[in-house]
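Me: I keep running into labels like "buried" and "stacked" and I'd like to see where they come from. Can we go through some of them together?

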Amino acid sequence: MRNTKNSHSWPFRRLGVWLLLLFCGACSPPQDALDTIREEGVLRVLTRNGPTTYYESQGNPSGFEYHLVKDFADYLNVELEMIPVVSLDELFENLHEGRANLAAAGLSITPERSAALQFGPSYMSVKQLFIYNRTLTDKPADYAALPDLRIRVLGNSSHAEVLRELREQYPSLTWSESRDQETIDLLEQLQQGEIDITMVDANEFHANRAFYPDFRIAMSAGKPGKLAWALSKNADNTALQQALETFFEEIKANGELDRLIDRFFTFNERQSFIRTQTFLKMKEQRLPNYKGLIEQVAIEYDMDWRFLAAISYQESFWNPKAKSPTGVRGMMMLTRPTAKELGVDNRLDPLQSLRGGARYYKKLYTRLPSGIEPPDRSWFALAAYNIGLGHLEDARILTEKSGGNPNLWSDVKETLPLLRQRKWYKQTRYGYARGDEPVRYVENIRRYYSLLTWDELNRYRVPPPRIVSDYLPESLNRGLDAL
């Protein structure tokens with residue numbers, strides 16, 4: 001039976017509750033939010049789990065939103081407390097009830113939300129996409145095809161607002177909203193054929209696309225959304241808002257915001273989709289044979305095993321007998337002189353090769369200039385693993401001469417390809433180099449590392465319990481209400 005339940009009315013009821021809370025909050029003088037944060041020494045932030053927001057990575061917090069709010073907490077010189085919740089509904093209710101100072105969860109600024117919430121400065125714009133499973137559903141030609149499709153979106157989301165706007169033009173448009181799910185749950189339903197189409201932000205689509213090779217973009221939806229942190233109007237946020245504006249001005253000026261965006265998002269859209277599918281296939285077929293050795297070596301050298309796995313895949317596709325035309329061999333593709341320097345007797349022995357490669361990477365990491373900070377330090381060490389410290393230093397010098405920051409990977413990776421051109425390499429100490437190769441090398445490893453991380457996040461995630469009424473036809477819900 002087709003699910004025709006349209007739960008689009010509930011956000012308006014919920015909005016009414018928010019506004020009531022807002023007016024009640026005005027009955028007593030609100031306390032200055034920034035003073036409270038500094039007095040308590042803690043910034044409390046509501047968020048949602050996901051590869052683009054917040055997740056645990058080997059016991060350590062990660063995610064774009066996490067690192068951004070961590071920088072803000074450091075800016076305020078206070079501790080950070082992340083409060084993950086399941087749904088947007090829960091997130092907004094907790095914010096209005098004062099359980100956190102702000103919400104950072106990839107939230108778009110919309111008219112409905114702005115009526116009940118205060119937003120900080122926008123830090124990114126993202127397209128909103130309709131996506132479908134090409135093996136189960138024909139591509140919708142335009143918006144006019146939507147009323148004939150089973151549509152589900154996250155409850156209380158900006159996507160629901162887009163659909164409400166579209167319904168003014170297409171009155172027969174219906175959809176359902178899930179109050180108990182994350183984006184990954186909607187993608188699973190699309191994969192299983194429970195729905196025909198859904199909406200996601202472009203950054204979430206690209207972060208998850210590798211796991212759903214049959215998903216395609218049907219069309220964009222409205223104007224790109226502007227992402228920002230949300231604050232409750234029940235508190236006096238005057239000073240906090242000013243601190244947010246100053247903070248974002250600083251991280252835009254010093255390149256930190258661009259660095260975070262580059263770290264978590266930029267490479268997703270550039271990566272070869274076919275290469276990604278090959279990696280996922282090898283992950284299932286070949287990685288299990290060597291995962292134990294990789295984990296062992298990672299522990300020995302204080303590395304994330306997924307990072308070491310990503311490097312070894314880029315080097316050899318996890319083939320311990322790999323050999324290149326230039327004579328490098330083994331799991332980590334070591335040259336004979338490098339292997340000798342690292343004490344590797346047999347380059348074809350996977351354990352020796354992994355240990356040698358890990359040792360070499362750590363050696364390069366420590367030899368980099370002190371001004372290069374994590375995570376850029378890892379990207380520079382990878383580039384040096386591929387092209388050598390000498391050519392990398394040449395690129396850093398050229399970057400500085402051109403007005404860039406030699407300690408930022410986002411700047412130096414633009415300069416490295418210039419080492420192919422005589423106009424540029426004649427100015428350097430070490431001369432010509434195929435500088436585009438380390439750029440691809442680093443981006444590939446970053447992509448493989450992210451795939452391994454997000455795969456674990458999704459594989460071991462426990463879905464929240466479902467709100468049954470959200471998945472029943474409207475007629476059945478009316479019957480239940482009458483009982």
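Reply: Sure. Let's start in helix 10 (residues 256-270), where Glu-256 and Arg-259 both sit, three residues apart, about one turn of the helix. Keep in mind that this is a predicted model.

Me: What makes Glu-256 and Arg-259 a salt bridge?

Reply: Their side chains come to 2.6 Å, N to O. The cut-off is 4 Å between a side-chain nitrogen of Lys or Arg and a carboxyl oxygen of Asp or Glu, so the pair qualifies. Both residues, Glu-256 and Arg-259, are buried.

Me: How many salt bridges turn up in the whole structure?

Reply: A search finds 20. Another of them joins Arg-44 and Glu-40, also at 2.6 Å from N to O. Those two belong to a salt-bridge network together with Glu-81.

Me: Why are Arg-44 and Glu-40 called partly exposed?

Reply: Under 20% relative accessible area would be buried and over 50% exposed, with partly exposed in between. Arg-44 has 26%, so it falls in the middle band. Glu-40 has 47%, so it gets that label too.

Me: Why does the salt bridge of Asp-214 and Arg-134 tie together parts that are 80 residues apart in sequence?

Reply: First the bridge: the closest N and O atoms of Asp-214 and Arg-134 are 3.4 Å apart, and the limit is 4 Å, so it counts. Asp-214 is in the loop between helix 8 (202-208) and strand 12 (215-220), while Arg-134 is in the loop between strand 8 (128-133) and strand 9 (152-154), so the pair links those 80-residue-apart parts. Asp-214 is partly exposed at 23% relative accessibility, and Arg-134 is partly exposed at 45%.

Me: On to rings. How do you know that Phe-72 and Tyr-75 are stacked?

Reply: The structure holds 25 aromatic pairs. In this one, the centres are 6.2 Å apart and the planes differ by 20°. Ring centres must lie within 6.5 Å to pair, and planes under 30 degrees apart count as stacked, so both tests are passed. Phe-72 and Tyr-75 share helix 3 (residues 64-76), three residues apart.

Me: Is Phe-72 buried or exposed?

Reply: Buried: its relative accessibility is 0%, and the cut-off is under 20%. Tyr-75, with 33%, is partly exposed.

Me: What about Tyr-212 and Phe-215: what makes that pair stacked?

Reply: Here the centres are 4.7 Å apart and the planes 5° apart. Since stacking needs an angle under 30 degrees, the label fits. Both rings belong to buried residues.

Me: How do you know that Arg-377 lies over the face of Tyr-365?

Reply: Arg-377 is 5.2 Å from the ring centre of Tyr-365. The distance limit is 6 Å, and the charge must also be within 35 degrees of the ring normal. Arg-446 is likewise placed over the face of Trp-379, at 4.6 Å from the ring centre.

Me: Last one. Why do strand 11 and strand 12 count as edges?

Reply: Three strands form an open antiparallel sheet in the order 11-8-12. Strand 11 (197-201) and strand 12 each have a single partner strand, so one side of each has no neighbour in the sheet.

Me: What makes strand 8 and strand 12 a pair?

Reply: They share five bridges in the antiparallel sense, and at least two are needed, so they pair. In strand 12, Ser-220 is the bridge partner of Leu-129.

Conventions:
Residues numbered from 1 in each chain as written. Predicted model: local features only at pLDDT ≥ 70, side-chain atom pairs only at ≥ 80, totals over all residues. Heavy atoms only, no water. Phe/Tyr/Trp six-rings, centres within 6.5 Å; stacked < 30°, edge-to-face > 60°. Helix = DSSP H or I, 4+ residues; strand = E, 2+ residues; numbered from the N terminus. Buried < 20%, exposed > 50% of the residue type's maximum accessible area, 1.4 Å probe, protein only.
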